[in-house]
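Work through the exercises below with the structure in view. Try each task before reading its solution.

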Amino acid sequence: MNTVQTDLAKGKNAASFLSVAAALLMVYLFWGGTYLGMKIAIESMPPFLMAGARFMTAGLILYILSRAQGAPRPVALEWRNAGIVGGLLLLMGNGGVAWAEQHVPSAIASLVVATVPLWMILLGKLRGSNRRQSPFVYVGLLLGLAGIAVLVLHSGGSAQTRLSPLGLIVLIFASISWAAGSLFSRSAKLPVFPLMSTAIQMVAGGALLLILSFVMEDWSGLHISEISVRSWAAFGYLVLFGSLLGYTAYIWLLNNADPAIASTYAFVNPIVAVFLGFFAGNEALTTNVWIATFLIVGAVVFITNGKEKQK
C-alpha cells in the first residue's frame, strides 16, 4: 500500500506490467470479495451501522494519510460535493446493498450492481445527452435488462432459492443511485489529490450512514458481545482490503494505466463474487442465476467496449 500511495503522490504516469497486474489483481479480488464480506458482517452487525463505521474508519485513515502527504484541507464547496457524492454512492448505493444482502445472496447483489454502466447511460440520456452510442452499447443495454429480468423471474423459485422482490428492488435502486453519484462526481469540484477526494467522500458517506443507523434504530439491535468473530473478521476485511487497499489500487490504476484496463473491474468483480458466494458462502446458484451472470457480465463487456470505440 505504501508503494502505491508513494507512486500516486509523486504523480507517476508510467508503471511496469507487474505493478499494473498486481493492482488489477487487488481490485478484482478485494472488491469482488466485498459482497460476501458484507453478507458475513451483517450476520451479527446492523447493516447501516456496519457500513457507516466501515467508511468512516477508512475515510479518516485516508484523510490522515493524505494530509501527511501534503494534500491541502478541503474547502466548504468540496465538502458539500463530497456529501452529495457520498450520499449517492455510499448512503443509498452501498448502504442499499448492505441492507438488501439481508434478503438476497451476495452473488445476486454483485450481479445487480454490475448493471451500473447500463444505468449511467440511461441517466445520461435522461439528462439530455446527445452523444451517439456505439451499437455495442445498445447490445449491452439489452443484455443487461434481460439479465435483470431473469433475476426477477427467478425470485419465485423454491423456498431455498427464492429471492426477495423487495431486496431486488432495493438493489436496483442502489445501482441507479451509484450511477447517479458517479455521473455527478465527474463534474463536481472535489479535491485534486485523489486520495483526499476519496477520503472526504468516505467520511461524508460514513457520517450519513451513521445518522441513518440512528433513524432506523440500528443501535438498539447492537450488542457488542453478540457480534461473532466471523462478522468482526469480515468488517476488518471491508475496511482494510475493500476500502483502503482496493480503493487505493483503483485510484493508482486510474493515474498509471489505461482507463479501459481499470474499468475491467466492472465485469470481473461479479464473477469473483458469484464464485465466492457459491464456494465460500454456500449460496445456492440455479440455472437462472448462471444465465443472468452471463447476460449481465456480457452486457458490461459490450458497454465498456462500445464506449472505448467512441474515443
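**Exercise 1.** Find what share of the protein's contacts between residues at least 6 apart in sequence join residues at least 24 apart.

*Solution.* Work on the predicted model. Take the contacts between residues at least 6 apart in sequence. Of these, 90% join residues at least 24 apart.

**Exercise 2.** Count the helices and strands of the protein.

*Solution.* Start at the N terminus and list the elements: α-α-α-α-α-α-α-α-α-α-α-α-α-α. The count is 14 helices and zero strands.

**Exercise 3.** Describe the largest nonpolar core.

*Solution.* First, look at burial: of the 311 residues, 53% count as buried. Next, size the core: it has 87 residues. Met50, Val97 and Leu253 have the most contacts inside it. Then ask which helix gives the largest share of this core. Helix α11 (residues 229–256) does, with 12 residues. Finally, pick out Val97. Leave aside its neighbours within four places in sequence. Val97 then touches Tyr35, Met38, Ala109, Val113, Leu171 and Ala174.

**Exercise 4.** Decide whether Val215 is buried or exposed.

*Solution.* Locate Val215: its place is in helix α10 (residues 194–215). Read its relative accessibility, 58%. Exposed means over 50%. Val215 therefore counts as exposed. Now place Val215 among its partners. With Leu208, Ile211 and Met216, Val215 forms a nonpolar patch on the surface. Together the four have about 370 Å² of accessible area. Contrast this with a general trend: in soluble globular proteins, nonpolar side chains tend to be buried together.

**Exercise 5.** State how much area the protein exposes, and what share carbon and sulfur atoms supply.

*Solution.* The exposed area is about 14,100 Å². Carbon and sulfur atoms supply 68% of that area.

Methods:
Residues numbered from 1 in each chain as written. Predicted model: local features only at pLDDT ≥ 70, side-chain atom pairs only at ≥ 80, totals over all residues. Heavy atoms only, no water. Patch = residues over 30% accessible without salt bridge, like charges linked within 9 Å, V, L, I, M, F, W, Y side chains within 5 Å. Areas by Shrake-Rupley, 256 points an atom, 1.4 Å probe, with all protein chains shown as cover. Salt bridge = Lys/Arg side-chain N within 4 Å of Asp/Glu carboxyl O. Helix = DSSP H or I, 4+ residues; strand = E, 2+ residues; numbered from the N terminus. Buried < 20%, exposed > 50% of the residue type's maximum accessible area, 1.4 Å probe, protein only. Contact = heavy atoms within 4.5 Å. Core = buried A, V, L, I, M, F, W, Y, C linked by side-chain atoms within 4.5 Å.
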